[in-house]
Amino acid sequence: MTSVEHMKWWGWGVEGVAFEHSNKPDFAPFVKQAVGLDLRKPAQAHLSFDELTVPASRASEEFIAELSTLVGQGHVTTDDQERVVHTYGKSIRDLLRIRANDLPRTPDLVVYPADEAEVASVVAAAVAADAVIIPFGGGTNIAGSLDPQPTEERVIISLDLGRLDRVLSIDEGSGLATIQAGAQGPSIEAQLGAKGWTMGHFPDSFTHSTLGGWVATRSSGMQSDKYGDIADITKGLRMVRPNGIVAIRPVPSASTGPSVREMIIGSEGRLGIITEVTVQVHRTPAVREVLGYFFPTWEAGLAAMHEIAESDASPSVTRVSNARESGFSLATRKASTGVSAQVTKGLMKVLTARGWDLEQLCLSFIGYEGSASHVRYEKGLVGSIVRKHGGIGVGKGPGALYDQKKFDTPYLRDFLLDRGAAADVSETAAPWSRLQEVYDAANDAANAAYDKLGVHGWIMCHLSHSYHSGACLYFTFAFITGDDPIGEYEQVKSAIQQSFVDHGGTLSHHHAVGVEHSPWMEQDISTEGVAIMRGLFDSADPGSNFNPGKIL
Ligand code: FAD
């Protein structure tokens, strides 16, 4: 039997880990004020797996037997729980659907190939049988990138890359590592780290997402300011297609027509199965620090991030939260006692004396990596820019806490869902000159949608990545759901997405398109842009066998 482990079917992460607020005294009052949710009320139990109605597998015994000869007994399964786990990603829409027993169509079988040759044989057999193939990495996408089409009559195979999980080689002279596509974040960093290297790609979903998934969704990590987005990190790759392998050699740059490498990055399984990726890697830095800063207002924080992006400084993380998100972060702190409580109190007094409105305070994290002298130099440079914009450094404590806790936050969504509130995210990127406009428009759009629904909703934001020409804004929104949670969610989500494209932002900076974002593609990349992309998909996949319906 296959040894690939998956997240739980009903939520994020592993069983037995959950968000806990009893040790965070400010959290319950915060949630009450933000969305009107009373945490004293008991959580609602979600369905048990036995209560789900799982459609029967449509795969014939002959087809299962054929695939089993290709990948070995135990690596093809029609097990209900396996098929449910492979049906959706982890967006709030996915979680709401699964909790509502909304499973109109699941994959009919899950196949676990061991290597590229087995992937190729499964693809050939699937296309010959006119089956649908949906590649599966970690199942963490939040754009509906895995959804089987509800009306699909053909057999659907979920092709799980989980057994392809090795770093194959490191070209030490070039700083290039060739890694199998199914490897998950912790495994990649452990294998590279053992030899003194890092890839530097740390999305918030790092613990459960895969290299192939990152490439197929154009992912971005919290240290992308230094290491680049996955599109920058990916230098070469191999992708299985029905008639052969696309092999893009790892070269630093190329002038060989429109980039096929770029066509594959973000293709969400529509062009074939990525089996191997050659990525740029870096020596593990001698020093790594994330420092906390406070800014008096969002505008001041934004201006400081802009100036840092234009300066000689090259921090690994640049992040500033608006006042609402800063309030949220402070509310999720554990109870502080003794000296630390006194220091916090003292600092707040000083800031008030300086004329700060603490309701407007914005929390920022800036990360530094490299040699001790480089980090010292960078901190000096950033510190002077922060001060110029009225900010102050608050030391290593908050940054270290953020660094430790960043992968725990996703569990909060399940906690809120159990209590009747939906929380999700929308992110965009826009030029610096339009960033504030996009910010205002998204806030206004969400609040107008909440008014229309008659709910007390919440929206907060942080700047998560900076570039020379602009930045990524990342919005989190939450509200107590009513009779039609998915319909209500779609109203709020659509309003925010529409505001992005109306005000110069992209539909998505790093969460891909799937089915959730596809309605806006034409507005984002133009009618002719869509025509080119459609031509690519139609000609590369005339039988619509590869994850049909995603992106366009
Ligand atoms: P999956 O979800 O399994 O698949 C995603 C898409 O890629 C599907 O269309 C699938 O068919 C295709 N695919 C997967 N593997 C292959 C392959 N080998 N060949 C071809 N196609 C393939 N994203 C970020 O970029 N940055 C973040 O910080 C971030 N934080 C997140 C936090 C949370 C809590 C959650 C739930 C999601 C977050 N995401 C983030 C989104 C998600 O983690 C990314 O989209 C991720 O890249 C998906 O990788 P995966 O391995 O889970 O892919």
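In what follows, Lys and Arg count as positive and Asp and Glu as negative, while His and the chain ends are left uncounted. The place of a charge is taken as NZ of Lys, CZ of Arg, CG of Asp or CD of Glu. On that basis the protein carries 47 positive and 66 negative charges, and their mean positions lie 7 Å apart. The model is predicted, so local features need pLDDT of at least 70 and side-chain atom pairs count only at pLDDT 80 or more, whereas totals for chains, interfaces and linings use all residues. Residues are numbered from 1 along each chain as its sequence is written, and side-chain values use heavy atoms, with hydrogens and water left out.

The overall build comes next. The secondary structure amounts to 20 helices and 18 strands; helices (H or I, at least four residues) and strands (E, at least two) are DSSP runs, numbered from the N terminus. The radius of gyration is 24 Å, close to the 24 Å that the globule rule gives for 552 residues, so the protein is as compact as a globular protein of that length. Here the radius is taken over C-alpha atoms, and the rule is 2.2 Å times the number of residues to the power 0.38. Along its principal axes, the C-alpha trace spans about 75 × 60 × 45 Å. Of the 552 residues, 55% count as buried, where buried means under 20% relative accessible area, exposed over 50%, and partly exposed in between (1.4 Å probe, protein chains only). The protein exposes about 22,500 Å², and carbon and sulfur atoms supply 53% of this area. Such areas come from the Shrake-Rupley method with a 1.4 Å probe; for residues, only the protein chains shown count as cover. Contacts, meaning heavy atoms within 4.5 Å, often link distant parts of the chain: among those between residues at least 6 apart in sequence, 77% join residues at least 24 apart.

The strands are a good place to look closer. Strands of a sheet pair through backbone hydrogen bonds, either parallel or antiparallel. Two strands are said to pair if DSSP finds at least two bridges between them. One open sheet is made of four strands in the order E1-E2-E4-E3, with mixed pairing. Its edge strands are E1 (76-77) and E3 (132-136), each of which pairs on one side only. E1 and E2 (residues 109-111) run antiparallel over two bridges, and Val 76 has Val 111 of E2 as its bridge partner. E3 and E4 (residues 156-160), in turn, pair in the parallel sense over five bridges, with Ile 134 matched to Ser 158 in E4. Although E3 is an edge strand, five of its five residues are buried, so it is largely enclosed by the rest of the structure. Val 132, Ile 134 and Phe 136 point one way from E3, while Ile 133 and Pro 135 point the other way.

Strand E14 (residues 362-370) gives a similar view: nine of its nine residues are buried, so E14 is largely enclosed by the rest of the structure. Cys 362, Ser 364, Ile 366, Tyr 368 and Gly 370 point one way, and Leu 363, Phe 365, Gly 367 and Glu 369 the other. E14 pairs in the antiparallel sense with E12 (residues 287-295) over nine bridges, and Glu 289 stands opposite Tyr 368. E14 also pairs antiparallel with E13 (residues 317-321) over four bridges, where Val 320 and Ser 364 are bridge partners. Elsewhere, a hairpin joins E8 to E9 through two residues. E8 (residues 234-241) and E9 (residues 244-248) pair in the antiparallel sense over five bridges, and Met 239 stands opposite Val 246.

Some single residues complete the picture. His 511 sits in the loop between helix H18 (485-502) and helix H19 (521-525), and at 15% relative accessibility this residue counts as buried. Not counting residues up to four places away in sequence, His 511 touches Ile 142, Ala 143, Val 425, Glu 427, Tyr 474 and His 517. The C-alpha atoms of His 511 and Trp 214 are separated by 9.5 Å, with their positions 297 residues apart along the chain counted as the separation. Most residues other than glycine have a negative phi. Ser 526, however, has a positive phi of about 80°; this residue lies in the loop between H19 and helix H20 (527-540) and is partly exposed at 36% relative accessibility. Ser 544 likewise has a positive phi, near 50°, and is found in the segment after H20.
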